[in-house]
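Biologist: Hello! I am new to this structure, and I would be glad of a close look at a single part of it. Could you take me through the helix packing?

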Amino acid sequence: MRTSECLSRQQLIAVATDDAPPSLRAHVAMCGDCRRRLTVVEGDLGLIAAALRADAGVALPAAPRRYRRWAPAIAVAAAAVLIAFGIGVRARAPVPVPSSTGDSRAFLQAISGALFAARGYDHVLDTAPPADAEEPCGWGSLAMPCGAAAWLTADAGDAR
Amino acid sequence: MPADPGRPPDHSTYEALVEAHYQRVLRLCRLLLRDPHEAEEVTQEAFLELHRHHGDGVVADWGSWLTRVAVNRVRDRHRAGWWPRWRWRTRSLDSMPLAARAPLPDRVAIGEQTLRRIRAAFDRLPRRQREVLTLRQIEGLSTLETATLLGISENTVKQHLFRAIEALRRALRHGERDPADPVST
């Protein structure tokens with residue numbers, strides 16, 4: 001029979017965990033219903049403690065760390081980023097501005113090599129400009145070696 | 001430094017303390033951290049600390065001392081923030097297979113489903129409730145000792161313990177009526 005003094009669940013748990021004042025213990029000692037309920041709570045506590053002990057007592061194998069499963073994917077992604085970054089840097093590399101005649105030849109050779117890989121202007125560029133050139137080399141605003149102009153003129157004549 | 005002649009000699013060697021407390025401290029760390037590798041690291045740190053101080057001979061109860069060191073180290077880990085914990089996060093105990101094929105005796109007695117429910121409910125508890133429940137119910141510390149160790153009041157310890165036990169009992173009952181509820185008359 002439950003009385004108005006019967007313990008709440010919180011009070012029962014306090015009794016079960018030795019946190020209750022003597023008055024509550026005294027009630028449990030007298031009340032059969034509270035004693036039965038206390039037995040249930042104590043049983044649950046024992047089960048919970050046993051479950052947690054069993055859980056934490058699991059023998060652990062040497063488990064691989066979680067990130068290791070992603071290691072190959074991360075490595076591939078990192079390589080792709082590095083390659084893309086490298087290409088970007090090369091594409092944005094500044095073109096050297098020719099500062100002298102020798103540099104101009106090297107510059108034009110580089111441009112020729114890049115744009116006309118199959119047939120370049122190397123043979124033209126290799127031809128030294130005539131020392132006694134009467135006219136200044138170049139067509140209008142296009143700075144061109146004199147040998148190149150002669151070669152282009154000859155090509156035009158052949159076509160005709 | 002000469003030993004105090006009035007003091008009883010300390011017969012507990014470092015090896016004896018390791019033998020007596022290592023598994024207990026490791027279990028405590030596993031429960032508080034929920035990460036087996038991190039728990040092992042913290043346990044090793046605690047025993048390294050023990051090795052440093054063992055010669056001092058100023059500690060009367062090395063078991064309590066180890067518990068305090070381990071709990072403080074665990075709390076340091078929690079304070080360190082999410083990044084180191086995420087970085088070193090490994091498989092949780094939930095996904096950890098047993099090393100032995102035969103289930104542990106406790107598991108047989110409790111039942112796998114019940115164990116899973118309790119474990120899941122324990123994982124869902126707020127950190128403070130987990131700490132209080134572990135120290136009070138697993139480690140057997142008193143309310144005063146737990147309060148001192150965690151730097152909170154005894155009443156707060158009682159509140160946390162009640163809430164944690166209620167949550168785990170609900171998980172244990174799994175929606176069934178609680179027989180500890182008072183029978184209405």
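Modeller: What follows is a walk through one group of helices in chain B, with a look at chain A afterwards. Please keep in mind that this is a predicted model.

Let us begin with helix α2 of chain B, which covers residues 36-53. This helix has 18 residues, and from its first C-alpha to its last it reaches 26 Å. That is close to the 26 Å expected at 1.5 Å a residue. Which residues of α2(B) are buried? They are Pro36(B), Glu38(B), Ala39(B), Val42(B), Thr43(B), Ala46(B), Phe47(B) and Leu50(B). The cover over these buried residues includes two other helices of chain B, α1 (14-33) and α3 (62-79).

Those two helices also meet each other. The axes of α1(B) and α3(B) come within 10 Å and cross at roughly 30 degrees. Because angles under 35 degrees count as roughly parallel, α1(B) is roughly parallel to α3(B). Their crossing is right-handed. If you would like to find the contact in the view, look on the α1(B) side for Leu17(B), His21(B), Val25(B), Leu28(B), Cys29(B), Leu32(B) and Leu33(B). On the α3(B) side, the partners are Trp62(B), Gly63(B), Leu66(B), Thr67(B), Ala70(B), Val74(B) and Arg77(B). Sorted by class, the residues in this contact of α1(B) with α3(B) are 10 nonpolar, 3 polar and 1 charged.

Chain A offers another helix pair to set beside this one. In chain A, helix α1 spans residues 9-16 and helix α3 spans residues 32-56. Their axes come within 9 Å, and the crossing angle is roughly 60 degrees. The crossing of α1(A) and α3(A) is right-handed. From α1(A), the contact draws on Leu12(A), Ile13(A), Val15(A) and Ala16(A). From α3(A) come Arg37(A), Leu38(A), Val41(A), Glu42(A) and Leu45(A). In this contact, 7 residues are nonpolar, none are polar and 2 are charged.

To place that pair in its chain, it helps to step back. Chain A has 7 helices and 0 strands, so its pattern along the sequence reads α-α-α-α-α-α-α. Of its 160 residues, 16% count as buried. Among the contacts in chain A with a separation of 6 or more, 28% are between residues 24 or more positions apart.

Note on methods. Residues are numbered from 1 along each chain as its sequence is written. Chains are lettered from A and ligands numbered from 1 in the order in which they are written. This is a predicted model: local features need pLDDT of at least 70, side-chain atom pairs count only at pLDDT 80 or more; totals for chains, interfaces and linings use all residues. Helices (H or I, at least four residues) and strands (E, at least two) are DSSP runs, numbered from the N terminus. A residue is buried if 20 or more other C-beta atoms lie within 10 Å of its own, exposed if 12 or fewer, and partly exposed in between; C-beta atoms are placed from the backbone. Two residues are in contact if their C-beta atoms, placed from the backbone, lie within 7 Å. The expected span of a helix is 1.5 Å times one less than its number of residues. Axes are lines fitted to C-alpha atoms, for helices over the stretch in contact, and angles run from 0 to 180 degrees between N-to-C directions. A crossing is left-handed if the near helix is turned anticlockwise from the far one by less than a right angle, and right-handed if clockwise. Ala, Val, Leu, Ile, Met, Phe, Trp, Tyr, Cys and Pro count as nonpolar, Asp, Glu, Lys and Arg as charged, and the others, Gly among them, as polar. Angles under 35 degrees count as roughly parallel, over 145 as roughly antiparallel, 65 to 115 as roughly perpendicular and the rest as oblique.
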